[in-house]
There are 4 protein chains.
Amino acid sequence: MKTGKDYKESLRKMKPNIYKFGELIKDVTIHPATKRTVAGHAQIFDASFKDEYKDILTTKSSISGKQVSRYLSIITSAQDMIANLHMKRLMFNLTGTCTGGRCAGFNAFNSMWATTFDMDKDLGTVYHKRIHNWLKSAQDRDITISGALTDPKGNRTKSPSNQKDPDLCLHVIEKKDNGIIVRGAKVMICGVAAANEIFIMPGSGYKEVDKDYAISFVIPRDIKNLTIVETRRPSDNRELENGFDIPVDIGGITQAYLLFEDVFIPNERVFMCGEFDYSTKAIMNFIAPYRAAIGGCVAGQGDVMVGAAVLMARANGLSEKVFREKITQMIINNETTFGMGIAAGVLGKKHPSGVWIPDQLLSNINKVHVAKLPYETKRITQDIAGGIAETGCLPSCKDINDPKYGKLLKKYLQANCSGETRAKIARLVEWLTLGAGVPGCMHGGGSPDSAKLVINAKTDINHYIKLAKRLANITEDINIEKNKK
Amino acid sequence: MKTGKDYKESLRKMKPNIYKFGELIKDVTIHPATKRTVAGHAQIFDASFKDEYKDILTTKSSISGKQVSRYLSIITSAQDMIANLHMKRLMFNLTGTCTGGRCAGFNAFNSMWATTFDMDKDLGTVYHKRIHNWLKSAQDRDITISGALTDPKGNRTKSPSNQKDPDLCLHVIEKKDNGIIVRGAKVMICGVAAANEIFIMPGSGYKEVDKDYAISFVIPRDIKNLTIVETRRPSDNRELENGFDIPVDIGGITQAYLLFEDVFIPNERVFMCGEFDYSTKAIMNFIAPYRAAIGGCVAGQGDVMVGAAVLMARANGLSEKVFREKITQMIINNETTFGMGIAAGVLGKKHPSGVWIPDQLLSNINKVHVAKLPYETKRITQDIAGGIAETGCLPSCKDINDPKYGKLLKKYLQANCSGETRAKIARLVEWLTLGAGVPGCMHGGGSPDSAKLVINAKTDINHYIKLAKRLANITEDINIEKNKK
Amino acid sequence: MKTGKDYKESLRKMKPNIYKFGELIKDVTIHPATKRTVAGHAQIFDASFKDEYKDILTTKSSISGKQVSRYLSIITSAQDMIANLHMKRLMFNLTGTCTGGRCAGFNAFNSMWATTFDMDKDLGTVYHKRIHNWLKSAQDRDITISGALTDPKGNRTKSPSNQKDPDLCLHVIEKKDNGIIVRGAKVMICGVAAANEIFIMPGSGYKEVDKDYAISFVIPRDIKNLTIVETRRPSDNRELENGFDIPVDIGGITQAYLLFEDVFIPNERVFMCGEFDYSTKAIMNFIAPYRAAIGGCVAGQGDVMVGAAVLMARANGLSEKVFREKITQMIINNETTFGMGIAAGVLGKKHPSGVWIPDQLLSNINKVHVAKLPYETKRITQDIAGGIAETGCLPSCKDINDPKYGKLLKKYLQANCSGETRAKIARLVEWLTLGAGVPGCMHGGGSPDSAKLVINAKTDINHYIKLAKRLANITEDINIEKNKK
Amino acid sequence: MKTGKDYKESLRKMKPNIYKFGELIKDVTIHPATKRTVAGHAQIFDASFKDEYKDILTTKSSISGKQVSRYLSIITSAQDMIANLHMKRLMFNLTGTCTGGRCAGFNAFNSMWATTFDMDKDLGTVYHKRIHNWLKSAQDRDITISGALTDPKGNRTKSPSNQKDPDLCLHVIEKKDNGIIVRGAKVMICGVAAANEIFIMPGSGYKEVDKDYAISFVIPRDIKNLTIVETRRPSDNRELENGFDIPVDIGGITQAYLLFEDVFIPNERVFMCGEFDYSTKAIMNFIAPYRAAIGGCVAGQGDVMVGAAVLMARANGLSEKVFREKITQMIINNETTFGMGIAAGVLGKKHPSGVWIPDQLLSNINKVHVAKLPYETKRITQDIAGGIAETGCLPSCKDINDPKYGKLLKKYLQANCSGETRAKIARLVEWLTLGAGVPGCMHGGGSPDSAKLVINAKTDINHYIKLAKRLANITEDINIEKNKK
């Protein structure tokens with residue numbers, strides 16, 4: 001298994017195809033726009049060698065029997081899902097933010113592991129064999145794989161084939177003997193700069209007319225005819241500066257737009273091509289583990305917010321006891337998304353392919369919590385931390401070190417610690433609550449509204465009605481006709 | 001194993017010692033104040049024979065290897081805790097309310113199973129052997145065991161031995177060769193009228209000076225010198241009437257005051273007597289499974305509320321789609337307390353005695369949710385149901401059937417169903433949200449504030465601080481001195 | 001102006017036509033089902049003579065210039081609305097619950113004062129003159145007037161004329177020279193037992209086909225062919241007992257079904273008859289002051305809940321400081337509904353008839369708060385008060401005074417006060433949060449969903465869009481077509 | 001009265017003493033770090049000439065009788081407070097953010113108008129005459145006045161004179177015949193770059209030993225020995241770029257640190273110097289109008305968020321009807337802080353000096369709402385807007401216009417409008433919810449915890465207890481002794 005150093009080396013060997021601010025990023029491991037997310041991902045590798053983290057971050061391959069990164073494993077049991085949640089919480093603890101170049105990819109190939117199994121069984125395709133071979137190689141190479149789901153989509157009320165522009169969802173434009181050619185884009189893709197390969201998922205809800213859009217495959221990040229543009233984050237220019245205004249060097253998050261200008265994918269890396277009936281299943285297999293495990297992510301960042309808030313309080317001269325009720329609420333929020341993820345995992349079922357699929361109802365309920373509770377945690381963090389950390393109330397690191405007036409700023413920033421330490425804590429709070437450390441827990445992995453649709457689909461109103469009627473001894477049938485006024 | 005009929009027979013054979021409204025209840029199975037809770041408990045017995053419920057309600061005894069009621073089993077694994085949550089949810093589904101004559105007893109002997117094990121090991125006592133023998137017999141007899149924790153306590157800021165009246169917590173007043181004599185009371189004890197025996201737990205936090213209060217034992221409900229007074233519930237007089245104003249016949253809840261006027265307990269039924277150091281441990285062993293599993297209880301009642309609310313909407317002529325957002329919220333609330341209970345169970349640990357102890361942090365967080373979310377669910381139920389079911393807006397069953405004007409009331413109560421059916425549904429909603437079906441999920445098993453104390457005790461602020469300092473590269477120590485202004 | 005004694009005398013003179021539990025109530029001032037609400041209303045009269053309350057409860061008549069009960073006045077200014085809110089808060093403070101026999105009537109004639117003014121102006125009717133004469137007489141006679149809005153309605157998705165039964169909304173069945181004959185019912189009408197007259201409002205949203213349903217008039221409560229059936233409330237049988245299980249003697253709430261079996265209304269008491277276009281306006285004029293002022297009501301009951309919760313805490317031996325955060329939240333909830341009512345009043349406008357109409361947007365927003373915040377306040381009250389007051393955990397007053405075991409119960413109920421006092425406080429909390437003191441703040445004056453419809457109707461999305469476009473310098477038009485998939 | 005152009009001219013005439021990123025800002029009206037806040041403040045001047053805004057933004061001076069900016073007026077009535085709330089909401093509507101260079105100053109001199117009146121009356125000082133003269137001149141000159149309250153404070157549990165460094169609160173270091181010399185700092189001061197003068201308030205809670213800290217005065221922004229350092233805001237470097245990544249040109253917010261290195265203040269501009277007893281009064285007079293009116297501010301920004309969210313939904317092809325429930329909640333949040341501010345204003349009292357002081361209880365409750373509701377509104381805005389606007393999911397303006405791949409980005413950003421328009425809307429949402437448009441509503445004008453202290457101080461628990469005892473007929477006194485365990 002690779003060290004962090006080996007991992008960075010593997011990134012450096014790739015062909016540059018990532019841009020930001022109109023500039024080609026030559027080396028993602030040192031460019032200020034990408035080096036923090038790479039450093040965060042590198043922590044996974046190095047932590048895997050530590051005794052305290054080993055069992056969380058690695059596991060025995062169900063393919064080869066060898067110890068591999070958990071991010072490269074098939075989730076085969078409730079225990080694997082529990083470990084998955086611990087892993088995500090740990091990585092947020094260690095990086096302060098998302099190591100998104102791994103988890104969507106991890107979910108994606110697990111989803112397609114199950115989906116290809118079904119397709120092969122139902123349709124006689126050979127996709128499962130292909131993904132098996134690819135995953136074995138991926139484990140051997142110990143690579144980092146990001147996952148790409150979101151199409152540009154265009155007008156949300158229209159299907160892909162009904163859009164003004166046929167490219168608004170990624171699609172096959174040509175099938176060759178040895179592979180396919182695709183055109184379109186995937187957008188808002190997390191952690192691409194830290195990845196060796198990118199696993200592409202189809203969208204969902206496709207009908208026959210949209211069958212060219214039902215595609216899944218995996219590519220090297222630096223494949224020919226793929227252009228990647230990094231998005232901007234709040235305060236991202238600060239990454240180009242020196243000093244502590246971006247307070248964290250060992251973690252960071254990126255999102256990118258992937259522009260496919262007729263990219264060729266060889267057959268052995270294609271896992272769906274036209275089987276539109278399976279696109280929704282693939283997505284359902286994806287969201288179950290994703291929306292369960294994201295509860296570990298936000299709990300892990302919430303842990304850091306508790307620490308940052310208490311640290312700020314102490315820096316201000318106040319004991320955390322003053323804020324006891326608020327801190328308890330933060331802890332409740334953290335453990336609720338974590339616990340619900342555990343429960344979703346535990347109440348899951350094994351798919352015939354061997355993949356463990358968490359309970360959809362609880363996973364999707366957790367997604368709704370994840371779109372709400374961390375926002376309260378952030379607000380409480382700002383509440384405890386005071387005006388200095390809330391927003392826009394602290395001079396820049398450059399000003400704090402200014403030869404003319406920096407000394408005065410430090411003098412006035414001191415409280416129950418030095419002015420510089422207090423400023424660093426304030427920047428950490430800002431980074432966690434308003435800055436570059438903020439991951440997209442609202443819409444990442446789909447919107448809370450889409451989760452509510454699943455919740456409704458997975459609950460049977462008639463079951464509840466029967467319980468009520470039995471209890472109150474009600475026998476009359478009550479139907480709702482389509483009334484007209 | 002007993003049938004519901006056998007169970008009722010066993011209750012009828014006991015000596016009457018339960019009073020309400022100044023009257024001695026001769027037969028708890030037919031007296032209107034107690035027959036509904038007995039009917040609810042009887043459902044457990046009958047459902048245990050049904051294929052669909054068998055695995056939930058019964059399990060293999062870890063003592064005898066025989067199939068026994070789960071309520072008489074030792075919880076030995078995460079799977080047992082999951083089954084426990086399913087059992088409680090099921091029983092609320094089937095009775096609409098609490099079958100409290102079993103669950104506190106179930107938790108109590110599990111707690112004392114572990115606590116006696118520790119005492120015997122540490123102190124050389126023989127309590128564990130005693131409880132083993134008693135439980136074996138209890139399984140053989142297939143009895144119903146309620147549990148009693150709460151002492152009257154008097155002034156909450158004073159310890160038992162410091163109260164004006166020494167009896168405000170239950171205590172030993174004499175030790176004999178063959179047993180002990182106790183005086184005092186246990187109050188607000190659930191389901192006693194439906195029980196064959198009562199398992200007594202000590203209070204917590206006792207010091208050496210309070211050692212006479214550190215007692216645990218089990219008694220037949222009709223033991224000599226024990227007087228039981230049932231409390232009143234909202235609208236309990238309606239139970240004395242005919243008709244549907246108490247809409248549920250097959251479930252009910254009772255709470256009682258147990259008055260111990262120098263009751264003799266033989267040694268073989270005494271499991272703690274003076275070992276004050278173990279009283280807090282006993283309580284901690286009790287609350288972990290209790291506060292985890294109560295999430296199943298309120299989810300089970302919440303299921304019925306979803307059904308009742310939708311039924312009322314349909315009776316009013318409205319599709320549940322109108323209330324989609326609200327119903328989704330009810331489902332989220334239900335599954336959150338259920339899921340958190342599952343997670344607390346799963347993340348637990350095995351005690352050397354063989355008892356599985358759920359995770360204290362998650363159990364206690366669930367208690368906080370249980371003291372909040374069901375209240376929102378009730379409010380939404382009333383919101384959907386409309387004024388008729390909210391409070392005090394429906395004539396009595398007697399008036400609805402009045403020979404003079406009953407026909408008119410029925411005429412005006414009709415909507416998308418008959419007036420009588422609509423009235424029954426409204427009564428069900430009232431019963432669930434304001435009436436006799438309301439269990440004490442706020443303070444049952446301890447208050448939410450006590451749960452917050454455990455949450456704080458189980459979380460280490462310094463852990464969070466370390467995470468934050470590492471991330472922002474902060475090395476300065478920040479201590480809070482005892483400042484003076 | 002009448003004293004409380006005079007007021008009761010006026011009720012005693014009326015013909016009995018109110019039933020409950022199949023029994024005719026001969027004297028509402030002494031019958032246990034009605035005497036508490038009468039006592040509550042009598043407090044209004046007696047308090048009006050006290051210096052501290054005089055300015056709140058009385059005002060100068062805009063008709064006669066004489067000092068009259070505020071409940072008989074026309075609301076002519078923002079100051080009148082503020083006084084209205086203070087009055088409602090005061091009456092909840094003094095009675096613990098709703099004096100609903102006055103406020104709906106007060107709102108009803110104010111609404112129809114404006115609506116008749118418009119009808120006369122637009123249509124040449126003489127309704128305004130009639131209501132003027134009637135109100136002058138009502139002020140002279142210092143009568144109590146309840147208001148009746150809610151029709152049985154039947155299937156909610158059908159209009160009155162489209163129901164299976166034409167009587168499901170109150171309607172004219174015959175017009176005579178000197179008056180009209182009406183048939184149908186009004187349901188869930190508050191405080192009728194405490195009223196001398198009942199003011200009838202039309203429903204809303206009526207079209208031409210429903211014009212016979214567009215009626216408004218005022219009747220003596222004991223008018224011929226009117227049968228009144230009182231509904232039941234939680235724990236209402238306790239009112240028939242002695243002792244403190246209904247803890248409040250000086251306040252109470254009732255709701256009734258009014259059954260109109262061809263009741264004749266003389267013309268001078270008819271204020272709308274067929275003018276369907278004005279039915280919605282009448283309702284809008286009603287809900288604006290009602291939904292503003294109800295914020296005072298729930299604040300007034302919330303004040304009592306703060307007191308009861310703190311009293312219970314102290315009885316348990318605990319200082320209220322332990323619950324500081326919770327009490328602050330209760331106060332915030334109380335003052336929010338009160339403050340929003342004040343704001344709605346202040347931002348209102350004067351109608352040409354002289355009536356002050358509060359701001360619809362803020363009034364209806366307050367209705368949404370009123371359907372939510374008091375429920376949190378109740379929950380917190382139970383949280384602070386502990387298990388004894390939550391639900392069903394206290395023996396009956398009869399048992400507490402039982403000759404055999406009552407002494408023991410009192411002994412064990414004592415804490416930081418006598419057992420009896422502690423029991424009384426617990427009953428007060430139960431009465432306020434689960435019992436007969438609970439007014440219908442969810443659906444009283446219409447449902448929160450109906451309030452949301454008004455909120456949406458009163459806000460212009462395009463206004464907000466324009467603000468956003470101007471700021472971001474966006475000029476492109478973005479329209480939503482009716483898309484097809 | 002000045003035009004926007006005149007106003008900018010007045011700023012340009014001042015001596016540069018403001019720094020950011022180590023650089024002296026020569027002209028605040030064109031420097032990218034300050035020009036947006038200046039543009040926002042300039043809108044006040046220009047809007048004052050428009051008929052639709054004139055009555056909101058200007059009023060008759062109670063000193064001269066001339067029409068002046070409302071920001072330069074004494075608040076003398078409830079109507080003035082209502083107009084104040086309308087003004088703040090309007091300015092947020094027009095600028096999208098805070099015009100903080102005016103409102104703290106406005107509150108500050110109103111507070112000191114009352115406080116100096118009391119001091120002169122009680123102590124025979126001449127402060128009120130001085131402030132009268134200064135305000136008259138300020139009105140004549142139509143200047144912009146920011147207000148400065150917050151001292152660096154150091155360790156929060158120590159008083160100013162007890163800090164390690166005596167300068168951690170601003171204090172007098174020398175009194176001269178013609179004035180005083182002050183040293184220290186004021187921090188996190190809003191809108192200084194847009195102001196002509198700065199009004200300094202004392203801190204609160206000062207004792208005799210801290211009397212040198214009890215000072216109030218007003219200074220030109222460019223006074224000698226004053227150095228101003230602007231703080232950084234989220235994404236503030238974008239202000240230095242071209243394009244729409246900062247989407248708003250006509251509004252902006254700044255906060256600054258004011259460093260007083262022995263600044264001389266002539267006597268006629270000193271309004272408190274040593275009268276420590278009046279420092280708390282001054283602050284109370286400040287927070288009442290401030291915490292009432294801030295409800296208008298956040299409502300005004302909330303209005304823009306409604307518009308931006310709906311615009312984004314439409315851009316995505318979705319009707320706002322899909323999000324009806326969420327938009328209604330946003331409107332409720334907006335109107336609640338607005339309405340509570342109105343109510344606080346209306347329930348206020350006139351101070352003998354002529355200043356209208358809003359109700360402290362409601363003002364401080366509104367502060368608690370302001371620290372909570374806008375955060376929910378932001379979350380909902382992100383929820384509706386989708387991933388593109390949530391955080392870090394949109395390429396930079398520079399990339400969108402890149403010659404190589406910009407065309408592709410625009411192609412994939414298009415939906416129900418052009419890609420560029422959609423990107424602009426997304427940036428507006430980001431700016432409002434995570435960016436430079438975010439004002440400090442949590443701690444601006446003091447923390448929500450400090451507001452809760454005032455809420456508690458302004459409510460009398462015994463009043464509530466009396467109501468409860470009277471109702472339940474409880475006569476026993478229940479006192480809490482200082483118990484010992």
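## Interfaces and sheets in a predicted four-letter chain setThe contact between chain A and chain B takes 72 residues from chain A and 72 residues from chain B, where contact means heavy atoms within 4.5 Å. The model is predicted: local features need pLDDT of at least 70 and side-chain atom pairs count only at pLDDT 80 or more, whereas totals for chains, interfaces and linings use all residues. Residues are numbered from 1 along each chain as its sequence is written, chains are lettered from A and ligands numbered from 1 in the order in which they are written, and side-chain values use heavy atoms, with hydrogens and water left out.

**Chain A against chain B.** About 6,200 Å² is buried between chain A and chain B, and carbon and sulfur atoms give 69% of that area. Buried area is the accessible area (1.4 Å probe) that two parts lose on being put together, summed over both. Of the area that chain A buries against chain B, 12% is supplied by A:Tyr464, A:Leu471 and A:Ile478, more than by any other three residues.

The rule finds two salt bridges across the interface of chain A and chain B; a salt bridge is a side-chain nitrogen of Lys or Arg within 4 Å of a carboxyl oxygen of Asp or Glu. A:Glu325 forms a salt bridge with B:Lys452, with the closest N and O atoms 2.8 Å apart. The interface of chain A and chain B also has 20 residue pairs in polar contact, both residues being at pLDDT 80 or more. A polar contact is a pair of N or O atoms within 3.5 Å; within protein, one must be able to donate a hydrogen and the other to accept it, and residues adjacent in sequence count only if both atoms are side-chain atoms.

Helix α8 (324–346) of chain A is one of the helices that each supply at least two residues of the side of chain A that touches chain B. The largest share of that side, 14 residues, comes from α8(A). Helices (H or I, at least four residues) and strands (E, at least two) are DSSP runs, numbered from the N terminus.

**Chain B against chain C.** Here 81 residues of chain B are in contact with 81 residues of chain C. The buried area is about 6,800 Å², with 57% from carbon and sulfur atoms. B:Arg232, B:Arg379 and B:Tyr412 supply 12% of the area that chain B buries against chain C, more than any other three residues. The rule finds 10 salt bridges across the interface of chain B and chain C, and B:Asp449 and C:Lys326 meet through their side chains in a salt bridge (2.6 Å, N to O). Helix α13 (residues 406–413) of chain B gives the most to the side of chain B that touches chain C, with five residues.

The classes count Ala, Val, Leu, Ile, Met, Phe, Trp, Tyr, Cys and Pro as nonpolar, Asp, Glu, Lys and Arg as charged, and the others, Gly among them, as polar.

| Side | Nonpolar | Polar | Charged |
|---|---|---|---|
| chain A, touching chain B | 39 residues | 22 residues | 11 residues |
| chain B, touching chain C | 30 residues | 24 residues | 27 residues |

**A sheet in chain B.** Six strands of chain B form an open sheet of mixed pairing, in the order β2-β1-β10-β11-β7-β6; two strands pair if DSSP finds at least two bridges between them. The edge strands, β2 (23–24) and β6 (171–175) of chain B, each pair on one side only. Two bridges join β1 (residues 18–20) of chain B to β2(B) in the antiparallel sense.
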